[in-house]
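Please walk me through this structure. Start with one pair of strands, then move on to sheets, helices and a cavity.

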Amino acid sequence: MPFMTLEKNQPRALLSWIAVGLLVSLCGVLGVLQFRWIGEIGVAEHERLRRSLQTSLLRLSQDFNTEITAACAALLPSGPGEESEQDYTHRYAQWKAAGRHPDLFRRIARVAPQEGTLVFRSLDLQTGFFLPGEWPLAWNALRDRLAARLSDQPWEGRRPPGPFTGEDAALIDLPRFRPPEDGPGPPRFGRREAEWLIVELDLDYVRSALLPELLHRHLGSEGKLDYQAEVSTRAYPSKLLYQSDPDPAARMAGHEDASVGLFEVQYDRFMRRPGPAGMREGGPGGGPGPPMPGAQRGRWQLSVRHRAGSLEAVVSRARWRNLAVTTSILLLMLAAIAALVRFTRQAQRLAEIQMDFVAGVSHELRTPLTVIRTAAYNLRGRMANNPAQVERYGALIQQEGEKLTALVEQVLRFVSAKAGRVIREREPLSVEAVIEDGVESSKVALEQSRCVVERTIEPGLPLILGDPLALKHALQNLLSNAAKYGTEASNWIGVSAAASAGGDEPSVEIRVADRGPGIPPDELGRIFDPFYRGRRALQDQIHGTGLGLSLVKGIVEAHGGTITVRSEPLKGTEFVVRIPAAPPEQQDEFTHSFGRG
């Protein structure tokens, strides 16, 4: 019957494996598609972050330029013509009192042409008065540019000579024009510069206050700056004016995520009328309206890089996180499929084993019932008139009834074990008495198998705590197994008991050995499984239910002990049961009570 069941289940198992293969293939296809989709999403996310960063940098640049331009416009008198120094000092005092960044400028000076030379007067930022002074060395390039403007050529259409150098990259010259000859009004093309108000930014203040404020406003989150920032002059990119991370190893060296021009004065903000196209920084005018900042405009250049290393690193990290999550989900799906297949196979195998168990129990019940029914029929039909025959039929009925009782008791014990009621209350027991009861209860099976039981019990063994009925049943199962499977080559069965030397607590070892054909190695790991019967038992149709060894293991473990098996082909099998000894106080109590009895 088991082979017929296996043949019936083969097509079903094949269909199950085909379904599993399709599911695994589908998961693989989903994994490939997810990898591609996440890659495409990563490219789009990188572009979105880059554009967002560039937009933030443009706004930062515009705010920086607006701050500088607003401060410059606040210093210039509103009236045209040659203003007096009192006008400048008055405007400076007003700006100082109301300005958002009163420490923005390091030096302020007024330069006016006189008899072919440039007269330099410096504003004392503490007193607010102009005092004569010498040109600072860092202003020499600006002095040369202003001297060139004293030529006869008008301002119209002319740009200041040369770029801003590293030394004068913080200087701003604000021209003032001569009064128009045709009356007041906006500046005309071709008018000449009358004087200049020159301001120099305080780079220390820009580094410590203005730039950090703008960076945190546009590139920060939760009080932290998400990007490393560097500011350098456009004329000398290797010269840094500002670095958010002072560590030299943090230099970007051309590996920035984005950059933008910085420090472009918007002259149109304080000129009455824009100059011609192309006139921006370095003189009045500046084109039609304020130009938007860009990467190639401005005296300085701001470069930023994400603190993770780059935007690509941020996107790559997010991409790998998404891949890890999706891969974990797919692996969980595969694990769930594998678990489902495994549990299904186990359930199917358990169903087959249970069907075999039902068939085996039915066979075990049918044989004694048939014998009992036949004997009863003969007795009722008065076919056995001889008292000896009547006695023989009675003994036969009694013997088969005991087999039925043992079978029912074994099934009930298995049910009780599954319900957690393997043993009842334990009591101190003598190991010798337990072995004697077990051998006596197996007497019929041993006699039918013509077995010789050799008992070897070490004297002075400690008592054990146990349920006598459960331990007798366990030993009876081991002896019955030895009689069924271990007497093919020899009818010898050995039962021994000795104190166990291993372990932290004292215990007793009970060994049941035979000299039979042994247990195949591939079956050793399953002999304690419920309903399991080996190939030899099925092929030889040896009576049994497959519950005996499972019950033995449950009983032994319920007593706190262990059971192991040693077997070699053609050399026999030995079961070793270890049960802890009773506590010393119970050993003494049992001894005293036994002595008084």
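Q: Over how many bridges do β2 and β3 pair?
A: The model is predicted: local features need pLDDT of at least 70, side-chain atom pairs count only at pLDDT 80 or more, and totals for chains, interfaces and linings use all residues. Residues are numbered from 1 along each chain as its sequence is written, and side-chain values use heavy atoms, without hydrogens and water. Strands are DSSP runs of E, at least two residues, and helices are runs of H or I, at least four, numbered from the N terminus; two strands pair if DSSP finds at least two bridges between them. β2 (residues 117-123) and β3 are antiparallel, and the number of bridges is 3.

Q: Which residue of β3 is the bridge partner of Leu-123?
A: β2 spans residues 117-123 and pairs with β3. The partner of Leu-123 in β3 is Phe-130.

Q: Which strands stand at the edges of the open sheet β3-β2-β1-β5-β4?
A: This sheet has 5 strands with antiparallel pairing. Each edge strand has a single partner, so one side of it is left without a neighbour in the sheet. They are β3 (130-132) and β4 (171-177).

Q: Which strands does α9 touch in the sheet β13-β15-β16-β18-β17?
A: This open sheet has 5 strands and mixed pairing. α9 packs on the sheet, where contact means heavy atoms within 4.5 Å. The strands touched are β15, β16 (507-514), β17 and β18.

Q: How far apart are the axes of α9 and α11?
A: Axes are lines fitted to C-alpha atoms, for helices over the stretch in contact, and angles run from 0 to 180 degrees between N-to-C directions. α9 and α11 pack at about 145°. Their contact includes Leu-471 and Leu-478 of α9 and Val-552 of α11. The axes are apart by 9 Å.

Q: What is the volume of the second largest cavity?
A: A cavity is a set of points on a 1 Å grid over the protein atoms alone where a 1.4 Å probe fits but cannot get out. Points are joined across faces, edges and corners, and a volume is the space filled by probe spheres set on them. There are 4 cavities of 30 Å³ or more. The second largest has a volume of about 90 Å³.

Q: Which element gives the most to the lining of the second largest cavity?
A: Lining residues have an atom within 4 Å of a point. Among them are Leu-471, Ala-474, Val-552 and Ile-579. Elements giving two or more residues are α11 (548-558), β18 (572-580) and α9 (468-485). With 4 residues, the most comes from α9.

Terms used:
1 Å grid on protein atoms, 1.4 Å probe; cavity = no way out; pocket = protein on both sides within 12 Å on 5 of 7 lines; lining within 4 Å.
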